[in-house]
Amino acid sequence: QKIIDKRKEHMINIEDFRAIYRAIVHRPEFLELFHAYAENSKTLAHGQVIEFLKKEQYETEECETTALEIILKYEPIQEVRKRSQLSFEGFIRYMASEECSVFKSHHRTVYQDMNYPLCDYFISSSHNTYLISDQLIGPSHLWGYSSALLKGCRCLEIDCWDGPNNEPVVYHGHTLTSKIPFRSVIQVIEKYAFEVSDYPVVLSLENHCSPQQQEVMAEYLESILGEKLLTSTFGEERVTQLPSPEALKFKILIKNKKVGTVEESMLRRDLDSHGETGEVSESENVSDDEDDSDDSATLLPQRDSSKRKGEGTHSAPPRKKAKVKKVKIALALSDLVIYTKSEKFVSFEHSQNHQKCYENNSIGEVRAQKFAKHSARDFVLHTSKFITRIYPKGTRATSSNYNPQVFWNVGCQMVALNFQTPGVQMELQNGKFLDNGGCGYILKPEFLRNRGSSFTPHNVGRYSKPMSLSIKLISGHQLPPSNLSKTNKADPLVQIEIYGVPEDQRKKKSGVIKSNALSPRWDETFSFTIQVPELALIRFCVEDEISLFSNEFLGQYTLPVLSLNKG
C-alpha cells in the first residue's frame, strides 16, 4: 500500500508489483533461515540443502536424492536449477509447500492395516445427519448427507417415519423440523457414499415406520443402492468375527433392529418374505436414541385442535420404569441387517454373556460418561468386542456437541456428533479423522483392541509411552482481523492445547503481539510430555485479544500428535 501511495496514478507497474510481492512473500524468518545455510551466497548449493534437511527437517534417509528433488521441483530459475542449487525464491516455494506442512505427508494416504475386524477402528460418525440447524424447528435437508459424506463421515443417521401415500419420510420426530422423502435421502447417499473414501458406510436407521412402510424402505434400499448394499454374509456358516473395512470396501451396511440371528436370515434368503413381519422386544416409549431417562428431551407439546370445550390439556406423565413392548419389523428390512444389528444395551455383564459380535449398542452421552468415569475397565473390554455408538443427549436442542475425546479414550467406535455445528468438538473430530488419508476409519491403539487389556484412561500404567514434544512457535502470516476489532489490526496470541487421556490434557498460551495481523512474530518454545501419544490430539488456536477478559477466535488447526511432522 505504501509503495503504491507514493505515486498518484491508479495503476502499478512491474517494479511496484515486484516490491509488493517481496514485501508479502519474502518473509524475514525465511531469510534468516536461508542465510544460516547459504554462507553469504545468493543460492544454496546441493550440499547446503542436504545440511538443511538433516539439521532443520530431521531427515535421515536419502537426503541427497530428496535435496535434488526439491531443487528440481521448486527452483524457478533455470540456470540455478541446472547447477543443482536453490535460490531464495526456490527456498520460499519449498517452505510454503505441502512438504513442509506440520501434518505428516504419508498420513494423508491410507497407511494403516485395514484388515482388522470393524470393531477395531474409530469410525467417523454423524448424529441426526438430516438436520442442518437445530433439533426442534430447523430445516431437514439432503445437504446434511452429502456434506457429511464429503467430510469422510462413514456412519449416517436416518430417522424414518410413516409419510403420506405410503412414502416414508425423514425428520426429527415430534418436532417441527421439516420432512424429506426417505427415497431422496437414499439417492443422495448412493451418489456420494464413496466420493472421498472407499471404505464401508453404515446407515443407522432410527425406525418409527409401520411394517408396511418398512417394506417400502427395504425396496428403496435394494433398488437404489443395488450392488453397493450388503445383503448377505461372506458365506461363513456362523458369524464369529466382524469382517474388515478392507473386505467391506464400497459396501453400504444397514444398522437397525433385527428379528433373530444373521444365520436364520441367510437361510431365508431365497424365500419371498413380502408381507411377513417378526417381533423384537423394546422398552416402551424409548427409541434407540433416547435410552437414557435423564437424556430424553421433552419436545414440543402436540396441540390437539379437535378438543371440545372443558377438556383439559393432558401432559405426559413422568417417566416410570420402561415397560417392554413388542415391535413389529418387516422381515424384508430385518434381513438387510447383516453385521450391524442394533441391540439394546443392558449392562456390560449382560453383553459379555449374551451379545453376539455383530450386535452393537447405542448409549446416550450422559450414561456413557458415567461408565467412562466409574467403569472404564469394563467399558474398554466392551468396546474391544462390540461396536458402540455414542450420541448427544436429547436436551441439546441447539445441536450443541459433547467432547468426543472422553469416548475415544475408552475405545468407542462411533462417537456421533452434530456435523452441522462448528466448535471445538467438531474441530477435534475433523482433526482426528485427517489421519489415515481421511478415509473415516482409524485403527484403534493395540491396548483398546486387545481383549486382555487392563488399560483405563485415568490410570494408564504400563500402557504409557511418554513422548516429549517441543514446539517452537515462530510467526503468523496474514491473519484475519477479528469481527470485534475496531481497526483491521488484530492483537494475536496462540493457545496450544493437548487433548487425550486426562493426565495429557494441557493448555499453554503465547504472548500477545500488539496490532499486527500481517506478520506477528513470537519465537517462543513450548514443551509437553505426553503419556499416551496414540490418543492425543494437538490444537493450535489463534485468537485476538479484545480485552484482558476476552479473546475473539481467529482460526485453528487440530491434528493427531503422532501425525506431527518434525522440522
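On the surface of this predicted model, four glutamates, E59, E61, E62 and E69, gather in a patch of negative charge. One of them, E61, sits in the loop between α4 and α5, and its relative accessibility of 62% is the reason why E61 counts as exposed, since a residue is called exposed when the value is over 50%. The loop between α4 (46-55) and α5 (63-74) also holds Y58, a residue whose backbone deserves a second look. Although Y58 is not a glycine, its phi is positive, at about 55°. Y58 has a relative accessible area of 53%, and therefore it is exposed.

Another kind of surface patch is found when we turn to nonpolar side chains. Here I12, I14 and F17 make a nonpolar patch of about 300 Å² on the surface. Of these residues, F17 has its place in helix α2, which is made of residues 14-25. With a relative accessibility of 49%, F17 counts as partly exposed, because the class called exposed begins over 50%.

A positive phi also turns up in a residue that is hidden from the surface. The phi of S399 is near 65°, which is a positive value in a residue other than glycine, and S399 is found in the loop between β13 (388-391) and α16 (405-408). Is S399 buried or exposed? Its relative accessible area is 0%, so S399 is buried. A loop residue with a similar setting to consider is A193, which lies between α9 (182-192) and β7 (201-207). At 0% relative accessibility, A193 counts as buried, so a place in a loop does not by itself tell the reader that A193 is exposed. If we follow the chain from A193 to A397, the two are 204 residues apart in sequence, while their C-alpha atoms are 28 Å apart in space.

From single residues we can move on to pairs of charged ones. Side chains of opposite charge can pair when their charged atoms come close. In this model the count comes to 23 salt bridges, and a few of them are enough to show how such pairs can be placed. In one of them, the side chains of E98 and R108 meet with a distance of 3.5 Å from N to O. Both E98 and R108 are in the loop between α7 (88-95) and β3 (121-123), 10 residues apart. E98 has a relative accessibility of 53% and therefore counts as exposed, whereas R108, with a relative accessible area of 36%, is partly exposed.

A further salt bridge joins R539 and E427, whose side chains meet at 2.7 Å from N to O. R539 lies in strand β20 (residues 537-545) and E427 in helix α17 (residues 424-432), so this pair ties together parts of the chain that are 112 residues apart in sequence. What are the relative accessible areas of the two partners? For R539 the value is 4%, so R539 is buried, and for E427 the value is 14%, so E427 is buried as well; the reasoning rests on the cut-off for buried, which is under 20%.

R539 has another partner, for it also forms a salt bridge with E497, in which the closest N and O atoms are 3.0 Å apart. This pair links distant parts of the chain, with R539 in strand β20 and E497 in strand β17 (residues 492-499), 42 residues apart. Both R539 and E497 are buried. Taken with K507, these residues form a wider arrangement, in which E427, E497, K507 and R539 are linked in a network of salt bridges.

The last stop is D272, a residue in the loop between α11 (262-267) and β9 (277-283). D272 has a relative accessible area of 64%, which means that it is exposed. Even so, its side chain has a polar neighbour, for a polar atom of the D272 side chain lies 3.1 Å from the backbone nitrogen of H274. Seen from D272, N516 is 244 residues away along the chain, and the C-alpha atoms of D272 and N516 are separated by 72 Å.

Notes: Residues are numbered from 1 along each chain as its sequence is written. This is a predicted model: local features need pLDDT of at least 70, side-chain atom pairs count only at pLDDT 80 or more; totals for chains, interfaces and linings use all residues. Side-chain values use heavy atoms; hydrogens and water are left out. Helices (H or I, at least four residues) and strands (E, at least two) are DSSP runs, numbered from the N terminus. Buried means under 20% relative accessible area, exposed over 50%, partly exposed in between (1.4 Å probe, protein chains only). A polar contact is a pair of N or O atoms within 3.5 Å; within protein, one must be able to donate a hydrogen and the other to accept it, and residues adjacent in sequence count only if both atoms are side-chain atoms. Patches are made of residues with over 30% relative accessible area and no salt bridge: like charges are joined within 9 Å, nonpolar side chains (Val, Leu, Ile, Met, Phe, Trp, Tyr) within 5 Å. Accessible areas come from the Shrake-Rupley method with a 1.4 Å probe; for residues, only the protein chains shown count as cover. Lys and Arg count as positive and Asp and Glu as negative; His and the chain ends are not counted. The place of a charge is taken as NZ of Lys, CZ of Arg, CG of Asp or CD of Glu.
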